[in-house]
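This report goes through one protein chain and the ligand placed with it. Please keep the sequence and the structure in view while reading.

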Amino acid sequence: MVIIAEETSFDDGELFDLYDSVGWDVWTADLPRLRRALEKSHLVVTARDDTGRLLGLARTVSDDEIVCYVQELLVEQGHHGKGIGRRLLEHLMRRYAHCRYFMLTTDHESTPEGPGSHAFYRRLGMVEHHEQKLSAFGLPVENP
Ligand SMILES: CC(C)(COP(=O)(O)OP(=O)(O)OC[C@H]1O[C@@H](n2cnc3c(N)ncnc32)[C@H](O)[C@@H]1OP(=O)(O)O)[C@@H](O)C(=O)NCCC(=O)NCCS
């Protein structure tokens, strides 16, 4: 059984195991900063098994009125393809259904993880900015 819940405090060890399982080294390199980022997020939704093991999470940055940015969504490597990512994202879509914008930034389709994550987001009904005459801009990121 997978339990979806909104949480506000986090353990560095279980964050390391989850983020490390998908190779997100930039995040695991500074766990206290990652934990603070989660604690300062508008909302963090988690997936746990019935023993309490952390299987996935997603977090948002939002004004809870007009815009919701999904800043991370990840599922432990060994639990991909079991519907956990869908449950996390659908939880956020329902929670922020009143916002005009529900957006996220993810790796380009040409990157190793791109095809999988793009297929996932499309399956959940999302489209790329350029498909609706929008563009996303940002300052250059170190080690994107
Ligand atoms: C992308 C990710 C979050 C998907 O989570 P998941 O739990 O494996 O996905 P789900 O099992 O909920 O899949 C939901 C739907 O997307 C589809 N999907 C998921 N991954 C897919 C892939 N690699 N290729 C094609 N379709 C895919 C599934 O077929 C499923 O369709 P259905 O519900 O209609 O049957 C997960 O693979 C992950 O954590 N990857 C590493 C981190 C990452 O890239 N995060 C996203 C960028 S921020």
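The text below covers the model, its sheet, the shell around the ligand and a few single residues.

The structure is a predicted model, in which local features need pLDDT of at least 70 and side-chain atom pairs count only at pLDDT 80 or more, while totals for chains, interfaces and linings use all residues. Residues are numbered from 1 along each chain as its sequence is written.

**Record and sheet**

An unreviewed UniProt entry places the feature "domain: N-acetyltransferase" at residues 2-144; such annotations may be inferred rather than shown by experiment. Residues 2-144 are 31% helix and 24% strand, and the C-alpha atoms at the two ends of this span lie 31 Å apart. Helices (H or I, at least four residues) and strands (E, at least two) are DSSP runs, numbered from the N terminus.

Strands of a sheet pair through backbone hydrogen bonds, either parallel or antiparallel. Here, 5 strands form an open sheet with mixed pairing, in the order β1-β2-β3-β4-β5. Two strands count as paired if DSSP finds at least two bridges between them. β1 (2-7) and β5 (101-104) are the edge strands, each pairing on one side only. On average, neighbouring strands of this sheet are turned by 25° against each other, direction ignored. Axes are lines fitted to C-alpha atoms, for helices over the stretch in contact, and angles run from 0 to 180 degrees between N-to-C directions.

Strand β2 (residues 43-49) pairs with strand β3 (residues 54-62) in the antiparallel sense over 6 bridges. Within this pair, Thr46 has Leu57 in β3 as its bridge partner. Helix α4 lies across β1, β2, β3, β4 and β5, and runs at about 25° to β3.

**The ligand**

Which residues are closest to the ligand? Of the 19 residues that surround the ligand, the closest are His80, Gly85, Arg86, Gly116 and Ala119. A residue counts as near the ligand if its C-beta atom, placed from the backbone, lies within 6 Å of it. β4 (67-75), α4 (84-95) and α5 (114-123) each supply at least two residues of this shell. The largest share, 5 residues, comes from α5. By class, the shell has 7 nonpolar, 7 polar and 5 charged residues. Ala, Val, Leu, Ile, Met, Phe, Trp, Tyr, Cys and Pro count as nonpolar, Asp, Glu, Lys and Arg as charged, and the others, Gly among them, as polar.

**Single residues**

A residue is buried if 20 or more other C-beta atoms lie within 10 Å of its own, exposed if 12 or fewer, and partly exposed in between, with C-beta atoms placed from the backbone. The table applies this rule to four residues.

| Residue | Other C-beta atoms within 10 Å | Class |
|---|---|---|
| Asp11 | 11 C-beta atoms | exposed |
| Thr60 | 23 C-beta atoms | buried |
| Asp64 | 13 C-beta atoms | partly exposed |
| Lys133 | 6 C-beta atoms | exposed |

Thr60 lies in strand β3. Not counting residues up to four places away in sequence, Thr60 touches Ser41, His42, Leu43, Cys68, Tyr69, Val70, Gln71 and Leu92. Contact means that the C-beta atoms of two residues, placed from the backbone, lie within 7 Å.

Asp11 sits in the loop between β1 and α1 (12-21). Asp11 and Met103 are 92 residues apart in sequence, and their C-alpha atoms are 27 Å apart in space.

Asp64 is in the loop between β3 and β4, and its phi is near 65°, a positive value in a residue other than glycine. Lys133, in the segment after α5, also has a positive phi, near 55°.
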